[in-house]
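Dear colleague,

Please find below the sequence and structure that I am handing over to you. My findings follow directly after them.

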Amino acid sequence: MTATQVMPGAPPDPFTFDNTYAEQLSGFGAPWEPTEVATPTLVTVNTDLATSLGLDPEALSEAHAVRIFAGAASPEHAAPIAQVYAGHQFGNFSPQLGDGRAVLLGEIVDPAGRRVDIALKGSGRTPFSRGGDGKATLGPVLREYLMGEAMHALGVPTTRALAVVTTGELVRRDGLLPGAVLTRVAASHLRVGTFQFFSARSDIDRLRRLVDYAIERHDPAAAAADNPTVALLDGVVRRQAALIAQWMNLGFIHGVLNTDNVTVSGETIDYGPCSFMDHYDPTTVYSSIDHGGRYAYGNQPTIGLWNMARLAEALLPVIDDEQERAVELATAALDRYQGEFDAAWLAGMRAKLGLDGTHDDDRALATDWYALLATDRVDMTTAFRRLADAADGDSAALTDLFDGDVDEWLERWNQRVAPDAGRGMGAVNPMYIPRNHLVEHALDSAVQGDLSPFDELLDAVTHPYEMRPGSERFAAPAPDGFSAGYQTFCGT
């Protein structure tokens, strides 16, 4: 990836925009143009994503497209809007939030008929900026690009970055840093907080319209249910439970799981202080703003349910006119969360452990494995990968990770592991993840003008299961002492 400065031009727009959110949901945001910048420079275009969306990657690298990505040109047929929403932030309700540095340009429909949002992030102040400058800097923008692509390669539902540009200006954070804009693709940007905004204002008409729109976009089958709103809630609960189970199976920590950062589509969104865990510890917190550990790795399943309860509360006026009946129906939907999460988590663990079918003791075997990892502070990703090697008969590298005795657990596991399980385990236990020390080095280098470490890391994490000679450093745990005191920040 080599950053290339482009000059203004005006070839045909690369997008064919549709704008159902802006057209069908009047008053659900503020029509808003991004802030124009003088010298946009292309950093990268996501060619794989562009191709899957039916877009021409070469056209996206041309001057006019780059100006669109920077907010310096208005695409034809776009209806840019800053969306409004509310949200619980660290448990405290903020009735007025919204896109403080983002603008939804519009929607496109891909060759498979899927509708997706195209939005800019870091494109300047909006009516919802709340005193901020609405800008982003290159490091956090590249973090979001990297994390989204890694999660996609790992099979986790996620928003993704289509492009990154620098703006040619310096943005004041801790010092002056190069400004940048991310172009984000999402199944939609509907959040739990979007529903909370209108519910908090008792704007039932707009709340009903939002429910209808969400059903049409994400749960069309719910329209035929006896109670479509409950069916929508069921779908969101199911998707969130499955998503967080995947996070837990991979050691991913979102870091700021507020209700305004929870999508109804079930995609991971807003990679601010996110990270992957190094040594296994359920209390792990890297986010610099999570002082009380509310969003620690081990708390994520419970927080997921808490967030779903806030969505259910917001939907009560639409679920049923009778309050008691509405609460009963919403509670029944919420009661399904734990079962959905447990089933998804255990299915993932059975695959990661290479178990030969199902057994009543599978959950105990998995939790005992995690207890061993926690006791000896073993790197989670490395341990699972070496367990796959042990399934192929090489257990020495695995046992070397532990100070204590793991023979009793390995004996139990060997009695249940499927024959020739190593290949299957290797397909679900990644070798390469965005390890924190590698991410920080890649981003620091990029800010200094050297994109090669970022390119190399991106290539590794987008092929997470392929053993590559010469790439051993991408699979190595963090150096001794790195994780102690390590923090991530809400940069974008």
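Just after helix H8, Gly251 takes a positive phi of about 80°. Helices (H or I, at least four residues) and strands (E, at least two) are DSSP runs, numbered from the N terminus. The model is a predicted one, in which local features need pLDDT of at least 70 and side-chain atom pairs count only at pLDDT 80 or more, while totals for chains, interfaces and linings use all residues. Residues are numbered from 1 along each chain as its sequence is written, and side-chain values use heavy atoms, with hydrogens and water left out.

Two residues other than glycine also have a positive phi. For His77 the value is about 70°, and for Arg130 it is near 55°. As background, most residues other than glycine have a negative phi. His77 lies in the loop between helix H4 (63-70) and strand E4 (81-83), and Arg130 is found in the loop between E8 and strand E9 (136-137). His77 is exposed, with a relative accessible area of 54%; Arg130 is exposed as well, at 58%. In these terms, buried means under 20% relative accessible area, exposed over 50%, and partly exposed in between (1.4 Å probe, protein chains only).

Helices H7 and H8

Helix H8 covers residues 228-250. Its 23 residues should span 33 Å at 1.5 Å a residue, and its end C-alpha atoms are indeed 33 Å apart. The expected span is 1.5 Å times one less than the number of residues. Of the 23 residues of H8, 18 are buried, so this helix is largely enclosed by the rest of the structure.

Helix H7 (residues 204-218) gives a similar check: for its 15 residues a span of 21 Å is expected, and its end C-alpha atoms are 21 Å apart, which agrees. The buried residues in H7 are Leu207, Leu210, Val211, Tyr213, Ala214, Ile215, Arg217 and His218. What covers them includes helix H1 (20-24), strand E7 (102-109), strand E8 (115-121), helix H6 (192-200), H8 and H9.

Salt bridges

A salt bridge is a side-chain nitrogen of Lys or Arg within 4 Å of a carboxyl oxygen of Asp or Glu. By this rule the count comes to 31 salt bridges.

Within H7, the side chains of Arg209 and Asp205 meet in a salt bridge, at 3.8 Å from N to O. The two residues are four residues apart, about one turn of the helix. In general, an α-helix has 3.6 residues a turn, so residues three or four places apart point the same way. Arg209 is partly exposed, with a relative accessible area of 27%, whereas Asp205 is exposed, at 51%.

Asp219 forms a salt bridge with Arg239, and their closest N and O atoms are 2.7 Å apart. This pair links distant parts of the chain, with Asp219 in the loop between H7 and H8 and Arg239 in helix H8, 20 residues apart. Asp219 is buried, with a relative accessible area of 10%, and Arg239 also counts as buried, at 17%. Salt bridges that share partners join Arg350, Asp361, Asp362, Asp368, Arg412 and Arg416 into one network.

A further salt bridge is formed by Glu440 with Arg143, the closest N and O atoms being 2.7 Å apart. Glu440 lies in helix H16 (residues 436-447) and Arg143 in helix H5 (residues 138-153), so the pair ties together parts that are 297 residues apart in sequence. Both Glu440 and Arg143 are buried.

Helix H9 and its surroundings

Ala314 lies in helix H9 (residues 300-319) and is buried, with a relative accessible area of 4%. Its C-alpha atom is separated by 5.2 Å from that of Ser199, 115 residues apart along the chain. Contact means heavy atoms within 4.5 Å. Not counting residues up to four places away in sequence, Ala314 touches Phe195, Gln196, Ser199 and Leu207.

H9 packs with helix H10 (residues 323-353) at an angle of about 155°, with their axes 9 Å apart. Axes are lines fitted to C-alpha atoms, for helices over the stretch in contact, and angles run from 0 to 180 degrees between N-to-C directions. That angle makes H9 roughly antiparallel to H10; angles under 35 degrees count as roughly parallel, over 145 as roughly antiparallel, 65 to 115 as roughly perpendicular and the rest as oblique. Residues meeting across this pair include Leu305 and Met308 in H9, and Leu334 and Tyr337 in H10.

Yours sincerely
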